Amino acid sequence: VTTAATAALLFHVVQEINGAFAAFIMATAFLLFPISQQSLFAVMPDALLALLFCAATAVGGGALEGRPRWWIAYGVLTVTAILVHGRGVVLILVPWIAILLAGKIGLFKHRALWIPSVVALLLILTWMHFFRQTGRLSIAALVEAATAFPLQAFQCLGPVFFSLTVLGAITARYRAEPRWAFVTGV
């Protein structure tokens, strides 16, 4: 159900930007990803995280296009994703990456952008302190995770989808369609 909801949300968002045919291709591709197939038959947080990431991307894209109050909804989705699994923490960085890609530096002045990030960081630090996991947080661990990401993305998406993703990230028109900056950030 969660994977189907993610595909439906993905279809809706892409349809707004590129039409029904592109939305159908994107939703179908999502359902065919090896990681999507694996999560259908396992009890893992991956399917719920995918739904939350997709929803956060849709809401964040709207905020990037001039709806500053949507940053609050983005913050709620970010905190929810973090509570589902620690990997949700990457959503904290996505707005910053998207703003830089879209060239909308003026958005850094909006309080609505900063509040969700600060709340999410406080939640994470409190959680880590409470469960005595602050020893796991280090620059070396972050660098190791960042360098392993391309290989993990390749394994999750498969060679065809990974290649198309990289090609799309390189050729996207971020300034014309700021939502794509958000998609690339995620």
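In this predicted model, the buried residues of helix α1 are Thr-3, Thr-6, Ala-7, Leu-10, Val-13, Val-14 and Ile-17. Viewed down the axis of α1, these buried residues fit within an arc of 135 degrees, so they line one face of the helix. A bit of helix geometry helps here: an α-helix has 3.6 residues a turn, so residues three or four places apart point the same way. Helix α1 itself covers residues 2–18, which makes 17 residues. From its first C-alpha to its last, α1 reaches 24 Å, close to the 24 Å expected at 1.5 Å a residue. Just past the end of α1 comes Gly-19, with a positive phi of about 95 degrees.

Two threonines of α1 deserve a look. Thr-3 sits in this helix, and its relative accessible area is 8%, so it counts as buried because the cut-off for that label is under 20%. Leaving aside residues up to four places away in sequence, Thr-3 touches Phe-30, Leu-31, Ser-39, Leu-40 and Ala-47. Thr-6 is also part of α1, and with a relative accessibility of 2% it counts as buried. With sequence neighbors up to four places away set aside again, the contacts of Thr-6 are Phe-30, Ala-47, Ala-50, Leu-51 and Cys-54. Phe-30 and Ala-47 turn up in both lists.

Next along the chain is helix α2, residues 20–32. Its 13 residues should span 18 Å at 1.5 Å a residue, and the end C-alpha atoms are indeed 18 Å apart, which agrees. Ala-23, Ala-27, Ala-29 and Phe-30 are the buried residues of α2. They cover an arc of only 160 degrees around the axis, which puts them on the same side of α2. On the other side of the helix, Phe-21 and Leu-32 are exposed. Phe-30, then, is a buried residue of α2 that is touched by Thr-3 and by Thr-6, both from α1.

Thr-28, another residue of α2, falls in the middle category: at 28% relative accessibility, it counts as partly exposed. Its C-alpha lies 7.6 Å from that of Ala-7, although the two are 21 residues apart in sequence. Ala-7, for its part, is one of the buried residues of α1.

Leu-40, one of the residues that Thr-3 touches, belongs to the loop between α3 (34–39) and α4 (46–64). Leu-40 is partly exposed, with a relative accessible area of 46%. Between the C-alpha atoms of Leu-40 and Val-1 there are 9.0 Å, while 39 residues separate the two in sequence.

Further along, helix α5 (70–84) has 15 residues, which should span 21 Å at 1.5 Å a residue; its end C-alpha atoms are 21 Å apart, which agrees. The buried residues in α5 include Trp-71, Tyr-74, Gly-75, Leu-77, Thr-78, Val-79, Ala-81 and Ile-82. Gly-75 also takes part in a pairing across the chain: its C-alpha is 9.3 Å from that of Val-118, with their positions 43 residues apart in sequence. Val-118 lies in helix α7 and counts as partly exposed, at 42% relative accessibility.

Helices α5 and α7 come up again on the surface. Ile-72, Val-76, Ile-115 and Val-119 form a nonpolar patch there, and together they have about 340 Å² of accessible area. The elements that give two or more residues to this patch are α5 (70–84) and α7 (111–130). Ile-115 is one of the patch residues and is found in α7; its relative accessibility of 43% makes it partly exposed.

And the chain as a whole? It comes to nine helices and zero strands, so to speak an all-α run from the N terminus on: α-α-α-α-α-α-α-α-α. Of its 186 residues, 34% are buried. Among contacts between residues at least 6 apart in sequence, 63% join residues at least 24 apart. The accessible surface of the chain is about 11,200 Å², and carbon and sulfur atoms account for 72% of that area.

Note on methods: Residues are numbered from 1 along each chain as its sequence is written. This is a predicted model: local features need pLDDT of at least 70, side-chain atom pairs count only at pLDDT 80 or more; totals for chains, interfaces and linings use all residues. Side-chain values use heavy atoms; hydrogens and water are left out. Patches are made of residues with over 30% relative accessible area and no salt bridge: like charges are joined within 9 Å, nonpolar side chains (Val, Leu, Ile, Met, Phe, Trp, Tyr) within 5 Å. Accessible areas come from the Shrake-Rupley method with a 1.4 Å probe; for residues, only the protein chains shown count as cover. A salt bridge is a side-chain nitrogen of Lys or Arg within 4 Å of a carboxyl oxygen of Asp or Glu. Helices (H or I, at least four residues) and strands (E, at least two) are DSSP runs, numbered from the N terminus. Buried means under 20% relative accessible area, exposed over 50%, partly exposed in between (1.4 Å probe, protein chains only). The expected span of a helix is 1.5 Å times one less than its number of residues. The arc is that of the directions from the helix axis to the C-beta atoms. Contact means heavy atoms within 4.5 Å.
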